[in-house]
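Here is a short briefing to read alongside your structure. Take a moment to look the chain over, then follow the points below at your own pace.

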Amino acid sequence: MKHRKSTAFYIETLLVTLLFLAMTAVLVRMFAAARSQSLEARALTDAGQIAQNVSETFYGAPDEAGFWALWGVSAPQDAAPATLTVNAAGQPEQPGDYTLLLALADAPEQPGDSGQLLRLSLTVQRTATGQELYTGQFDRYLPAP
């Protein structure tokens, strides 16, 4: 009789251990997925904040040359966008976590001879993967001097 009780105890212990291991495996997968989603959400939040900072710089600059001077780069001579690497706070940094592609041009629909309508095209990418996180265009009217 004693042998049966000890065998049943060992089998029950083995089943409880297997159940515990299965639940642990499920929880580890859930926490890994949550971590991955958290990192993705953080990257999207950073990209939105960087885009907001760039647009505020664009609207606050006195003119086109002043915008490029605020970023510490010279205006691109060709149609290719300027490429900057920035950290999560949007400050220029080498190597940065994010890559900014900035193109500043006259908007196609000009209001007339009274001024200039500038269009900033902005793309925020992850530097490591090249994944595009944000793309936007911002228009600004500059009155004629």
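Two strands are said to pair if DSSP finds at least two bridges between them. With that in mind, strand S1 (residues 82-86) and strand S2 (residues 98-106) run antiparallel and are joined by 5 bridges. Please remember throughout that this is a predicted model.

**Overall layout**

- The protein chain holds 2 helices and 4 strands.
- Read from the N terminus, the order of these elements is α-α-β-β-β-β.
- The C-alpha trace spans about 105 × 30 × 25 Å along the principal axes of the protein chain.
- The radius of gyration of the protein chain is 28 Å, whereas a compact globule of 145 residues would have one near 15 Å.

**Surface, burial and contacts**

- Buried residues make up 28% of the 145 residues in the protein chain.
- About 9,800 Å² of the protein chain is accessible surface, and carbon and sulfur atoms contribute 61% of that area.
- Among contacts in the protein chain with a separation of 6 or more, 44% are between residues 24 or more positions apart.

**Charges**

- The protein chain carries 9 positive and 14 negative charges.
- If you take the mean position of each set, the two points lie 33 Å apart.

**How the strands pair**

- Within the pairing of S1 and S2, threonine 85 stands opposite threonine 99, which belongs to S2.
- S2 also pairs with strand S3 (residues 115-126), again in the antiparallel sense, and this pairing has 9 bridges.
- One residue pair to look up here is alanine 105 and its bridge partner in S3, arginine 119.

**A closer look at tyrosine 59**

- You will find tyrosine 59 in helix H1, which covers residues 2-60.
- Is tyrosine 59 buried, partly exposed or exposed? Tyrosine 59 counts as partly exposed because its relative accessibility is 40%, and the partly exposed class lies between the buried cut-off of under 20% and the exposed cut-off of over 50%.
- Which residues does tyrosine 59 contact, once its neighbours within four places in sequence are left aside? The contacts are with Phe138, Asp139 and Arg140.
- For a sense of distance, compare tyrosine 59 with threonine 85: they are 26 residues apart in sequence, and their C-alpha atoms are 21 Å apart in space.

How values were computed: Residues numbered from 1 in each chain as written. Predicted model: local features only at pLDDT ≥ 70, side-chain atom pairs only at ≥ 80, totals over all residues. Heavy atoms only, no water. Rg over C-alpha atoms; globule rule 2.2 N^0.38 Å. Buried < 20%, exposed > 50% of the residue type's maximum accessible area, 1.4 Å probe, protein only. Contact = heavy atoms within 4.5 Å. Areas by Shrake-Rupley, 256 points an atom, 1.4 Å probe, with all protein chains shown as cover. Lys, Arg positive; Asp, Glu negative; His and termini not counted. Charge placed at Lys NZ, Arg CZ, Asp CG, Glu CD.
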